[in-house]
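Colleague: I've got a new model open on my screen and I'd like to learn how to read it. Could you walk me through it?

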Amino acid sequence: MRQQQRDILRRHGLASSGALLFTLLFMAGFQLQGDPADAAVLYSAIAVYWVGQALLLYWVGSGRSLNYQDPGLTAFFMVWAISFVSIILYLCSEHRNVVMLGYLAVMPYGVFRLTWRGFLGVALFTMASYTLVMLVLHHQNAGQWQASQEALLGAAFFISLLAYSFLGREVALLREAYRQKNRELRRAMVRIEELAITDELTGLYNRRYLLRTLEKQRALANREGLPFVLAFVDIDHFKQINDQHGHRIGDQVLVELAQLLRLSVREVDLAARYGGEEFVLLLSGLTLATAENALNRIRIAVMEENFSESSLPLTVSIGVTQYHAGEEGDELLNRADRLLYEAKRAGRNRVRTETLEQTSAQSS
Ligand SMILES: Nc1nc2c(ncn2[C@@H]2O[C@H](COP(=O)(O)OP(=O)(O)OP(=O)(O)O)[C@@H](O)[C@H]2O)c(=O)[nH]1
């Protein structure tokens, strides 16, 4: 059972306890001064009320109402209880001062849950039910009624309902302000999370996110045998671009290359800025041969492109290697970095590939 559902049931449990106490009070009042001829009607009304209450509780408890705007069905519970109080008011009219407290006991229930309009609707329903019962009673006992006293009582009742309505409105406004603040807080949290994993200049994922993803990929590879390769992509002679054209153009080159890399990999892959002019691509589910072809295509795409407002030609060197089950992330990163260094040494603008087997063969 979800927490929200548990909270709703706890609230309804408390409200039902209050309703039970009032039911006992009404029964005691009826015993004291009610007309025994009405006993069957009273007990039928009590039975109908509690059957309805149990059905509403069942509906809420079953979770069927969780998609509704108000999953607690507050307005239904309130209208049902107010209808019950109105019938009791009719049957125990001698004790109407006490019975009317039943109406007022129902109202706080909606203050924290209903919208302002919903609350006003329930308040109007209460006033209408009360007025109807009083008109019927007056019609039946016209001679014995003191109109001025009844009018005073009615006015006090309406004023109390009005006060509740204003309270309901204030609480509804507070709740809306609170919700708004929550929404803003959630947006801010999402933004902070984005910033924590994004490279500020290029908008690519940063090294922190890369390392986190690398751990997930390793777990997948170790558990499910899903292969992946890791490539270091580094701009050739980037220092010259900075020196000859300035840092601003250097930045533009980085941003545009990042964009090209992002668009060159599939959704399941990851492009990240590792630092400076060095990028890392994590390619999931690929063999080394397929990855090498894909990375060569990226290398050629970079060669064929002009970068920044100065339309500068660019080349990249790439070191790429495959993950082997059980090895540490650092081992993989160091191997790819070493391959990148070899690609640079071999003349740049090339992809250098090596498998773990080749590494082992070399070192033995
Ligand atoms: N514009 C700009 N330059 C950066 C940034 N980060 C690092 N750099 C520059 O990148 C250059 C890297 O130079 P090197 O490490 O010598 O590498 P290189 O010139 O690309 O030479 P090779 O890698 O050997 O081909 C340095 O000049 C750094 O200042 C950045 O965010 N923006």
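**Reading the model together**

Modeller: Sure, and let's start with the fold as a whole. Among contacts in the protein with a separation of 6 or more, 71% join residues 24 or more positions apart. Keep in mind that this is a predicted model.

Colleague: How many helices and strands does the protein have?

Modeller: There are 13 helices and five strands. Of the 364 residues, 30% are buried.

Colleague: How do I read a pair of packed helices?

Modeller: Two numbers do the job: packed helices are described by the angle between their axes and the distance between those axes. Take helix α3 (residues 74-91) and helix α6 (residues 116-140), which pack at about 15 degrees with their axes 10 Å apart. Angles under 35 degrees count as roughly parallel, so α3 and α6 are roughly parallel to each other. The crossing of α3 past α6 is right-handed.

Colleague: Which residues of α3 and α6 make the contact?

Modeller: On the α3 side, they include Ala75, Met78, Val79, Ile82 and Leu89. From α6, Gly118, Val122, Phe125, Val133 and Leu137 are among them. By class, the contact of α3 with α6 has twelve nonpolar residues, five polar and no charged.

Colleague: And how does α3 sit against α4, roughly parallel or roughly antiparallel?

Modeller: The axes of α3 and helix α4 (residues 96-106) come within 9 Å and cross at roughly 175 degrees. Anything over 145 degrees counts as roughly antiparallel, so that is how α3 runs relative to α4. Here α3 contributes Met78, Ala81, Ile82, Val85, Ile88 and Leu89, while α4 brings Arg96, Val99, Gly102, Tyr103 and Val106. The classes in the contact of α3 with α4 are nine nonpolar, one polar and one charged.

Colleague: Next topic, burial. Is Met107 buried or exposed?

Modeller: Count the C-beta atoms around the residue: 20 or more within 10 Å makes it buried, and 12 or fewer makes it exposed. Met107 has 21 others within 10 Å, so Met107 is buried. You'll find Met107 in the loop between α4 and α5 (108-111). Its C-alpha atom is 7.1 Å from that of Tyr164, though the two are 57 residues apart along the chain.

Colleague: What about Leu173, buried or exposed?

Modeller: Leu173 is exposed, because just 11 other C-beta atoms lie within 10 Å. Leu173 belongs to helix α7 (residues 147-197). Thr115 is 58 residues away from Leu173 in sequence, and their C-alpha atoms are 8.9 Å apart.

Colleague: What should I look for in the backbone angles?

Modeller: Start from the general rule that most residues other than glycine have a negative phi. His237 isn't a glycine, but its phi is positive, at about 50 degrees. His237 sits in the loop between β1 and α9, and it counts as partly exposed with 13 C-beta neighbours inside 10 Å. Ser311 also has a positive phi, near 50 degrees. Ser311 is in the loop between α11 (288-303) and β4 (316-322), and it counts as exposed with 8 C-beta neighbours inside 10 Å.

Colleague: Last one: which residues come nearest to the ligand?

Modeller: Of the 16 residues around the ligand, Asp236, Phe238, Lys239, Gly250 and Gly276 come nearest. β1 (228-235), α9 (238-245) and α10 (247-264) each supply at least two residues of the shell, and α10 has the largest share, with four. By class, the shell has four nonpolar, five polar and seven charged residues.

Technical notes
Residues are numbered from 1 along each chain as its sequence is written. This is a predicted model: local features need pLDDT of at least 70, side-chain atom pairs count only at pLDDT 80 or more; totals for chains, interfaces and linings use all residues. A residue is near a molecule or strand if its C-beta atom, placed from the backbone, lies within 6 Å of it. Ala, Val, Leu, Ile, Met, Phe, Trp, Tyr, Cys and Pro count as nonpolar, Asp, Glu, Lys and Arg as charged, and the others, Gly among them, as polar. Axes are lines fitted to C-alpha atoms, for helices over the stretch in contact, and angles run from 0 to 180 degrees between N-to-C directions. Angles under 35 degrees count as roughly parallel, over 145 as roughly antiparallel, 65 to 115 as roughly perpendicular and the rest as oblique. A crossing is left-handed if the near helix is turned anticlockwise from the far one by less than a right angle, and right-handed if clockwise. Two residues are in contact if their C-beta atoms, placed from the backbone, lie within 7 Å.
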